Amino acid sequence: MSTPTADPSSAECIPVLDFGGQTAQLICRRVREAGVFSKLVAPSISAPALAAMKPAGIILSGGPASVYEPDAPTCDPAIFDLGVPVLGICYGLQLAAHLLGGRVTPGKHREFGRAALTIDRPGELWKGVPATTTVWMSHGDQVASTGDLFVPIASTPTCPNAAVTSNARGRRFFGVQFHPEVTHTPHGTDILRNFVYEVCRCRGEWRMADFANVAAQRARDLIGSAHVICGLSGGVDSSVVAALLHKAIGSQLHCVFVDTGLLRRGERDLVESTFRDHFRIDLHVVDAEAEFLSDLAGVTEPQEKRKRIGKRFIDVFKAKAGSIPNATMLAQGTLYPDVIESGHGHSGKAAGIKLHHNVGGLPAQLGFKLVEPLRDLFKDEVRKLGGVLGLPDHLIWRHPFPGPGLAVRVLGEVTKAKLELLRAADEILLEEIVAADLYRKTSQVFAVLLPVQSVGVMGDGRTYESTVALRAVESEDFMTADWSRIPYDVLARVSNRIINEVRGVNRVVYDISSKPPSTIEWE
């Protein structure tokens, strides 16, 4: 599903060569937000293959490597001679300099965080950008010498070549050492839009409806007459996958919902009523609570939990797949943050942060071919796609729920009693968030049961009971997130209700850490 072909519904395309940067897909997202189709491609793509996409421009992403390392990712130098504008970001700038006659060295001053950028030469890249502006840096190396082909156009106090350009030999190249794709660069969106419109001269006619039509057609082409199993959880990702594939292949789609015993309260009823009764999709429900809880007995290590849940998930799917005739393909709601955090980027250089049981070995163990139509999208884009496909708002705007379910929100050993306690606390939290009209204003809200007991006083008696942590974050893309400033009166109501209504809890705390350095989930 992620072959390097241009979107056939649009004559405009700006591919992004992925060198392993954690924010590489953000570049694609910013270009798509500007109305031009964009997708990641492997840095090993040849210049002729890239030319076949008929790109309006090309972007080289950032990455964690140093260009002078023996195994550093590189690209076909002929890309710079395709006659289309190229923008290099961070590592992309350094690689272009390295390949075209400049010199890259470890910087005398490493830059991580905000820096003051001074625009030394006005031009089309800087339209609407102040002469001095804040940018986000994240690099140890920098371009020490620009050679004969590049002209410096912006600098910071410690990086004289913070932005360069070149028109030599018919090449139109721009390079920036900072990251315009992240929100920490206030005018970064302006810079990328300037590249799209002022430099590449795009019209900006691509819309999410185009993606829906093209993705459905690609699914039909890929699937043919085969039958597809879709692991349905009731969350927005799997729901959108199901709706998209139902649009594409109809009765060839078979959804499987596994009741792991690790789900939120009422999850199974919601899935059955929505997909079987409303959408008339072929839905198979498997009750496997006993098996999952048995696998988790005595396990406290987070990654081991994920491994065991993933293995059992595969076993359940194998058993159910055998009862569905002609099923040879598996559809998953894998999103780009899942891919990056699991270390499966195009460059092979992305760091592995955590395991996702919907990324990796599942198709191979099942013997199925994989269909991942959302693999290039972020959560907010998936919601837009869901709207195009006609899914109801209560599904589109559901907060994310982790694949391993409540097992990673019960810290330490998972038991049925702890799960019931957590479900009750989580339900109260969400009720109050909805009542305060904060659900759509937050990106993810949930409760966590901590392996901590503390002394309390109830009815003039001493208690020694559990602690529940509340987590609420705001995020555009879930690659980064900030903790939500929930009003004190709302937090007070939630705390009061949990302590009074959930037997076994006598303390509630609020998590005020952001991602990074923390993750959104606790495990």
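**Exercise 1. S466 and its surroundings**

Identify the residues that S466 touches, not counting residues up to four places away in sequence, and decide whether S466 is buried or exposed.

Solution. S466 touches L449, V452, Q453, G504, V505, N506 and R507 once residues up to four places away in sequence are set aside, where contact means heavy atoms within 4.5 Å. This is a predicted model, in which local features need pLDDT of at least 70 and side-chain atom pairs count only at pLDDT 80 or more, whereas totals for chains, interfaces and linings use all residues. Residues are numbered from 1 along each chain as its sequence is written, and side-chain values use heavy atoms, with hydrogens and water left out. The next step is to place the residue, and S466 lies in strand 16, which covers residues 461–474; helices (H or I, at least four residues) and strands (E, at least two) are DSSP runs, numbered from the N terminus. Finally, S466 has a relative accessible area of 15% and is therefore buried, since buried means under 20% relative accessible area, exposed over 50% and partly exposed in between, with a 1.4 Å probe and protein chains only.

**Exercise 2. The sheet around strand 10**

Work out in which order the five strands of the open sheet are arranged, and which strands stand at its edges.

Solution. The five strands follow the order 12-11-10-13-14, and their pairing is parallel, where two strands pair if DSSP finds at least two bridges between them. Strand 12 (282–287) and strand 14 (369–371) each have a single partner strand, so one side of each is left without a neighbour in the sheet, and these two are the edges. From one strand to the next, the twist averages 30°.

Turning to the links of strand 10, four bridges connect it in parallel with strand 13 (residues 327–331), and four bridges likewise connect strand 10 in parallel with strand 11 (residues 253–259). On the side of strand 13, H227 is placed opposite A327 and I229 opposite L330, while C230 has C255 as its bridge partner in strand 11. Helix 9 lies across strand 10, strand 11, strand 12 and strand 13, and runs at about 135° to strand 11.

**Exercise 3. I229 in strand 10**

Determine whether I229 is buried or exposed, and which residues are in contact with I229 beyond its neighbours within four places in sequence.

Solution. I229 belongs to strand 10, residues 227–231, a strand that is mostly covered, with four of its five residues buried. The relative accessibility of I229 is 0%, which means that I229 counts as buried. Leaving aside its neighbours within four places in sequence, I229 is in contact with H254, V256, F317, A321, I324, A327, M329, L330, A331 and F368. A separation along the chain can also be compared with one in space: I229 and H284 are 55 residues apart in sequence, and their C-alpha atoms are separated by 9.9 Å.

**Exercise 4. Three helix pairs**

Describe the relative orientation of helix 8 and helix 9, of helix 14 and helix 15, and of helix 5 and helix 12.

Solution. For helix 8 (residues 289–296) and helix 9 (residues 302–321), the axes come within 9 Å and cross at roughly 150°; axes are lines fitted to C-alpha atoms, for helices over the stretch in contact, and angles run from 0 to 180 degrees between N-to-C directions. Helix 8 and helix 9 are therefore roughly antiparallel, given that angles under 35 degrees count as roughly parallel, over 145 as roughly antiparallel, 65 to 115 as roughly perpendicular and the rest as oblique. The contact is made by E291, F292, D295 and L296 of helix 8 with K305, R308, I309, R312, F313 and V316 of helix 9.

Helix 14 (residues 416–435) and helix 15 (residues 488–501) pack at about 150° with their axes 9 Å apart, and are therefore also roughly antiparallel to each other. Their contact involves A425, I428, L429, E431, E432 and I433 of helix 14, together with V490, R493, V494, R497, I498 and E501 of helix 15.

Helix 5 (residues 208–223) and helix 12 (residues 379–388) have axes that come within 9 Å and cross at roughly 75°, which makes helix 5 roughly perpendicular to helix 12. The residues in contact are M208, A209, F211 and A212 of helix 5 and E381, K384, L385 and V388 of helix 12.
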